[in-house]
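These are my notes from going through one model, entry by entry. I begin with the chain as a whole and then turn to helix pairs and single residues.

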Amino acid sequence: GLLAGLLSGLFGVGGGTVIVPLLVLFLHFDQRLAAGTSLAAIVPTAAVGVISYAASGSVAWIPALILAAGAVVGAQIGTRLLPRISQTALRWGFVGFLLVVIVSLFLVIPSRDAPFDLTWISGIALVVVGVGTGVLAGLIGVGGGVIVVPVLMLAFGTSDLVAKGTSLLMMIPTAVSGTFGNLRNRNVDLLAAALIGVAACTTTALGAWLATLIDPGTGNILFAAYLVVIAVQMALKAIRGRKKKD
């Protein structure tokens, strides 16, 4: 929880990439239960992160709600497509996407002062990004921040801090919606989620504060390193999935 909260505040992500593997590895959680518990723990963590970023004016409220609406719809599409699409192919595709993002983070350094300019065109683009993020979340369980933060910085030219604050706000309704579904299917350990969430809340603000101290170039390098870890995790899952089929 402490580690997930720090990463959540620092990078604008949910922290599920830390919570899920550790729950499976150390506490022997089933993969689905770990994912559901992680999603529930993200709700308070992201809320504290939003407050921290909002204090410095680094949250684009309307774009975040547009992204969230698209993600909620996309997640439903993703879960319905799940039985019909190869998980291995999806994971390799996502690894490819992450590699493109990692290279781009070294080529494009966002301006810290760049606001988010909402127009009809950017609004429609946000809906597309939100739906795409939700579909991927439903298909391979990837949190929105890993996709939304780099897309806002690289495609929309948004400040790194605004991208992170907006990403955390987008996650709240998405995580709440997913948690209700997981509760119905008994895929949430509420006590574990509460303990992780409370622990994470104590370090999220610290992570958000550290993000303001780090210059955008260094922030991009650190975020790229974080994405490398996720890409390696996803590649290992794809290799294991292929071996099981063989």
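**Entry 1: the whole chain.** I first looked up burial, and found that 50% of the 246 residues of the chain count as buried. I keep in mind throughout that this is a predicted model. For secondary structure I noted 10 helices and 0 strands, and reading along the sequence I wrote down the pattern α-α-α-α-α-α-α-α-α-α. The radius of gyration is 17 Å, close to the 18 Å that the globule rule gives for 246 residues, so I recorded the chain as being as compact as a globular protein of that length. Taken along the principal axes, the C-alpha atoms fill a box of roughly 50 × 35 × 30 Å. I also checked how the contacts are spread over the sequence: of those with a separation of 6 or more, 85% come from residues 24 or more positions apart.

**Entry 2: α3 and α8.** I next took up the pair formed by α3, residues 31-54, and α8, residues 160-184. Their axes lie 8 Å apart and the helices pack at an angle of about 145°, in a crossing that I noted as left-handed. From α3 the contact takes in G36, L39, A40, I42, V43, A46, A47, G49, V50 and Y53, while α8 brings L161, K164, G165, L168, L169, M171, I172, A175, V176, G178, T179 and N182. When I sorted the residues of this contact by class, I had 15 nonpolar, 6 polar and 1 charged.

**Entry 3: α7 and α8.** Which helix did I find packing with α8 at an angle of about 145°, with the axes 9 Å apart? It is α7, which covers residues 145-154, and α7 passes α8 in a right-handed crossing. On the α7 side I listed G145, V148, V149, L152 and M153, and on the α8 side D160, A163, K164, T166, S167, M170 and M171. The classes in this contact are 7 nonpolar, 3 polar and 2 charged residues. Comparing my lists, I see K164 and M171 of α8 named in the contact with α7, and I find K164 and M171 again in the contact with α3.

**Entry 4: α5 and α7.** I then followed α7 to helix α5, residues 87-107, where the axes come within 11 Å and cross at roughly 40°. That angle makes α5 oblique to α7, and the crossing is left-handed. The residues that meet are F94, F97, L98, V101, S104 and L105 in α5 and V146, I147, P150, V151, M153 and L154 in α7. I counted this contact by class as 11 nonpolar, 1 polar and no charged residues.

**Entry 5: the loop between α8 and α9.** Are N185 and N187 buried or exposed? N185 lies in the loop between α8 and α9, and at 54% relative accessibility I logged N185 as exposed, since the cut-off for that class is over 50%. N187 also has its place in the loop between α8 and α9, but its relative accessibility of 18% counts as buried, because that class covers values under 20%. Leaving aside neighbours within four places in sequence, I found N187 in contact with R32, L33, G36, T37 and N182. For N185 I looked up the distance to R32: the two are 153 residues apart in sequence and 10.0 Å apart in space, C-alpha to C-alpha.

**Entry 6: three further residues.** H28, in the loop between α2 and α3, caught my attention with a positive phi of about 55° although it is not a glycine; at 68% relative accessibility, H28 counts as exposed. In helix α9 I checked C201, which is partly exposed with a relative accessible area of 21%. Not counting residues up to four places away in sequence, C201 touches P44, T45 and V48, whereas the C-alpha atoms of C201 and V128, 73 residues apart along the chain, are separated by 31 Å. Last I looked at I121 in helix α6, which is exposed with a relative accessible area of 70%. The C-alpha atoms of I121 and L236 are separated by 38 Å, with their positions 115 residues apart along the chain.

Key. Residues are numbered from 1 along each chain as its sequence is written. This is a predicted model: local features need pLDDT of at least 70, side-chain atom pairs count only at pLDDT 80 or more; totals for chains, interfaces and linings use all residues. Side-chain values use heavy atoms; hydrogens and water are left out. Axes are lines fitted to C-alpha atoms, for helices over the stretch in contact, and angles run from 0 to 180 degrees between N-to-C directions. Helices (H or I, at least four residues) and strands (E, at least two) are DSSP runs, numbered from the N terminus. A crossing is left-handed if the near helix is turned anticlockwise from the far one by less than a right angle, and right-handed if clockwise. Contact means heavy atoms within 4.5 Å. Ala, Val, Leu, Ile, Met, Phe, Trp, Tyr, Cys and Pro count as nonpolar, Asp, Glu, Lys and Arg as charged, and the others, Gly among them, as polar. Buried means under 20% relative accessible area, exposed over 50%, partly exposed in between (1.4 Å probe, protein chains only). Angles under 35 degrees count as roughly parallel, over 145 as roughly antiparallel, 65 to 115 as roughly perpendicular and the rest as oblique. The radius of gyration is taken over C-alpha atoms; the globule rule is 2.2 Å times the number of residues to the power 0.38.
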